[in-house]
Structures are given as structure tokens and as C-alpha cells.
Amino acid sequence: DASALLDPMECTDTAEEQRVHSPPASLVPRIHVILAQKLQHINPLLPACLNKEESKTFVSSFMSELSPVRAELLGFLTHALLGDSLAAEYLILHLISTVYTRRDVLPLGKFTVNLSGCPRNSTFTEHLYRIIQHLVPASFRLQMTIENMNHLKFIPHKDYTANRLVSGLLQLPSNTSLVIDETLLEQGQLDTPGVHNVTALSNLITWQKVDYDFSYHQMEFPCNINVLITSEGRSLLPADCQIHLQPQLIPPNMEEYMNSLLSAVLPSVLNKFRIYLTLLRFLEYSISDEITKAVEDDFVEMRKNDPQSITADDLHQLLVVARCLSLSAGQTTLSRERWLRAKQLESLRRTRLQQQKCVNGNEL
């Protein structure tokens, strides 16, 4: 065989390996690249590189009309969340959150939200996901059923027979909005692959990493995925923040309600929402020494008043909320006003969770 002489490695390939080396273009389309440039983002409504001089006019012009855009987006998401404006505030913070750096293994800036109190077995999450799909460049909905957890491949694994990596569900592009629908979870038994899949999801949420399975060893790949979990009670998965949904209205037909909500928004306004959510992720953010000192003093005071329930984790969470809140208003540094607003939001969220626990306690 002449080809074997030209390429001695061919002799050692199995038939299966040869088949996957060069699949037809109909099966695996390919493009030959001479020059590649990594994009800062994939939103076509914004300049490709936001740091360039020519992009600054676009950015400053958009920032000047940020306040009404935020107010309209808050109203739009309040309707999508059935009249719950507090949940809408947290959804905005969640959608603009991003991992801005890593300290050792800890990803900083992530803000995984568990929206509990969602109607069970209803189409609510499906329609909420459709709203999010209209706002972000990349999204994926994971239906968390026992069957899916036990049978779907979440993490990539190496097939040594074919000598190739088989992809997994969690190989998602950076800044993808991953909506996990836990309202579909029924009673049942997770088998070994199911348990591994839950672990993979937990690792993605906590450490923002996906472990690729090479049978004899695991390789960690860092990622930056925004995870929103909808559930009836508290989620089984870890989350940075749990907000309990308090619907002000239950539409008789969810699909009709969400369709009319989408059709009521002008395409130009929808595009402003899309620019807003992408742009704010890339703003630089800092806290002055003066505000840092004020925050520390404030935290010491909070600990004095309530030493049992206020922990270092609460301070970290407050700082993440304050960061996203500042950026959501187009402010790149923390002000006293935003810090107080972050404390107010967290207080409202906690009070709501406490009330919910009391209601559930009474029911029991």
C-alpha cells in the first residue's frame, strides 16, 4: 500500500480510527483558516472590540441613555416574572454577571441564581427561557428529568477505540446562559452516570470548570457560564443566590401571555436590551479605599447587631450584588448609595425566604 509507505502511522490505525480521521464534509463541515482573531464577544449589535478608540463613541453614546434602558428592561422582566419586580432586579444582575478573574481556583464575579417558587410541571420555565433567548447571544436549556440526568452525556470523554474526544453537553461557549429546569424533576433513582452528571453540574456552578474524562485521568477546563436554576423548592444544586418567586398574577394561558409580552416590545428596544446586557459585562470596575473602609465598618456593625446570621460569605455575596448593581447602572465604581441599595435588595430577598420557610413550616 503506497499510502502506508508515505505515512507509516497509517499501518497502526484501526479501521474505526481511519473512519473518524477524515469524515466527509457533509458530516463534519470544515473551513481552512489562514488567520484567526479571538472575538471579545459574539453580539453583532456592538463593535467587535470595545477597547478600540473608534468604539468609544458608540459606548459613550449608549451609556448616556442607559438609565431609561435599564428601567424598561426591569419592567419587561417584571412582566416575564409574572409581576415580581424583586426577582426581575436579580435576573438583571445575573444576566450581566461574568467571571472577571480567578483567585487560585476561585472564580470571582459569577452569580448563579436559583429562582425557586416556580410552578411545578408548568410551561413557565420554558417560556421564561424563550424570553432569555431573545436577550442573549448564546443560551441553552437543560431539562432536569431523571431520565436526562441518567442518560445524557454531560462531560466530554475520550473514545480510545476511535481515538477521538466525544463531546458532552457542558461544552458550552463562554458567556452562555444555561437555564436548568428543575421543576421537571420527579421521584426516581439516579444511577451512577446520573450522580456523575449532578457532580459535573455542581463543579460547573461552583468552580466554573468542566472536567474532561480521559478514563485514566481528568483534565480541568475553565469556563464562564451563567447558570439560572428554576425550581419549586430550594434547588438540589449549589447556587450563589436563591430568590423565591412571588407572582402577582397567574395568566390563564402562559404561552399567550409571553407571546403578547414579546410582541409588545419594539425591535429597536429589544436591541437596546441586547446591547445593554453584553456591554456591561466588559466595563472595568473598582472600589475606592474610602468606600472599602466604609464597607468594612458597615460589616462590623452588621455583625454586632446579628452575629449569628451574618457571615463572611454574606459579605462576599453583598459585594457581588453591589458590583453587578453598580455596573447595571453604568457605574464603574461603588458608591455609598449603591452599597445601601445592595443591602436593601439582600434584606428583601432574605425576608422573603424567611416568610416562605414559615409558610412551609405551618403547612407541615
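Start by selecting Val-105, which counts as exposed because its relative accessibility is 59%, above the 50% cut-off. Keep in mind as you look around that this is a predicted model. Val-105 sits in the loop that runs between β1 (101-103) and β2 (106-108).

Now add Leu-106 and Trp-207 to your selection. Together with Val-105, these residues make a nonpolar surface patch of about 280 Å².

Next, head for the inside. Select Phe-76, Leu-115, Phe-124, Leu-135 and Tyr-276: within the largest nonpolar core, which has 71 residues, these touch the most other members. Then colour helix α5 (residues 85-96), which gives this core its largest share, 9 residues.

Which residues is Phe-124 in contact with, leaving aside its neighbours within four places in sequence? Show Ala-80, Leu-81 and Leu-82, then Leu-115, Cys-118 and Pro-119, and finally Leu-245, Met-254 and Met-258; Phe-124 is in contact with each of these.

Apart from the core you have just visited lies another, of 22 residues. To find this second core, select Leu-142, Ile-146, Leu-170 and Phe-214, which are among its members.

For the last stop, pick helix α12, residues 312-328. From its first C-alpha to its last, this helix of 17 residues reaches 24 Å, close to the 24 Å expected at 1.5 Å a residue. Turn on the surroundings too: 13 of the 17 residues of α12 are buried, so the helix is largely enclosed by the rest of the structure. Step just past the end of α12 and you meet Gly-330, which takes a positive phi of about 80°.

Definitions and conventions:
Residues numbered from 1 in each chain as written. Predicted model: local features only at pLDDT ≥ 70, side-chain atom pairs only at ≥ 80, totals over all residues. Heavy atoms only, no water. Helix = DSSP H or I, 4+ residues; strand = E, 2+ residues; numbered from the N terminus. Expected span 1.5 Å × (residues − 1). Buried < 20%, exposed > 50% of the residue type's maximum accessible area, 1.4 Å probe, protein only. Patch = residues over 30% accessible without salt bridge, like charges linked within 9 Å, V, L, I, M, F, W, Y side chains within 5 Å. Areas by Shrake-Rupley, 256 points an atom, 1.4 Å probe, with all protein chains shown as cover. Salt bridge = Lys/Arg side-chain N within 4 Å of Asp/Glu carboxyl O. Core = buried A, V, L, I, M, F, W, Y, C linked by side-chain atoms within 4.5 Å. Contact = heavy atoms within 4.5 Å.
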